[in-house]
Amino acid sequence: MTKSYEEIPLTPISDSPSTMNMTGLWRAFRPVVDISRCKKCTLCWKFCPDTSIYIEDEFPVIDYDFCKGCGLCAEECPFKCIAMVEEVK
């Protein structure tokens, strides 16, 4: 049975896209791309839930102001050229 929007409880969500909220300070780990191993498949860009990866000159670039460090990009990279490195604060 599908619930109507009135029946769904309120949840803490943002009313703006993640590109409007600088969330990079939340990270414990940051993704680092080894460009020498990258095959330009763009899967990291496609799977990033925060749109913090963009493509520049055919290679992925991570915008650390918005990256939360979830690691999806590293997990989905078929060439394992993205390493999650502990954030130094």
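In the predicted model, Ile53 stands opposite Ile62 of strand E3. This facing pair belongs to an antiparallel arrangement in which strand E2, spanning residues 53–56, and strand E3, spanning residues 59–62, are joined over 4 bridges. The hairpin formed by E2 and E3 has 2 residues between the strands, and within this hairpin Asp57 adopts a positive phi near 55 degrees.

The loop between E2 and E3 also takes part in an ionic contact, since Glu58 is located there. The side chain of Glu58 meets that of Lys40 in a salt bridge, with an N to O distance of 3.2 Å. This pair links distant parts of the chain: Lys40 lies in the loop between E1 and helix H1 (43–47), and the two partners are 18 residues apart. Lys40 counts as partly exposed because its relative accessibility is 37%.

In total, the structure holds 4 salt bridges. Among them is the contact between Arg27 and Glu87, in which the closest N and O atoms are 2.7 Å apart. Here, too, distant parts of the chain are linked, with Arg27 in the segment before strand E1 (29–33) and Glu87 in the segment after strand E4 (82–86), a separation of 60 residues. Arg27 and Glu87 are both buried. A further salt bridge connects the side chains of Arg30 and Glu87, at 3.0 Å from N to O. In this case the residue in strand E1 is Arg30, which is 57 residues apart from Glu87 in the segment after E4. Arg27, Arg30 and Glu87 are thereby linked in a network of salt bridges. The burial assignments within the network are as follows. Glu87 has a relative accessibility of 15% and therefore counts as buried, whereas Arg30, at 24%, counts as partly exposed; the cut-off for burial is under 20% relative accessible area.

With respect to covalent cross-links, a search of the whole structure finds 0 disulfides. For Cys77, the closest cysteine sulfur is that of Cys81, and no bond is assigned because the distance of 3.5 Å is too far. A disulfide would require the two sulfur atoms to lie within 2.5 Å. Cys81 is accordingly in no disulfide, its nearest cysteine sulfur being that of Cys77. Both cysteines are nevertheless placed in the buried class: Cys77 has a relative accessibility of 4%, and Cys81 has a relative accessible area of 6%.

Methods: Residues numbered from 1 in each chain as written. Predicted model: local features only at pLDDT ≥ 70, side-chain atom pairs only at ≥ 80, totals over all residues. Heavy atoms only, no water. Pairing = 2+ DSSP bridges. Buried < 20%, exposed > 50% of the residue type's maximum accessible area, 1.4 Å probe, protein only.
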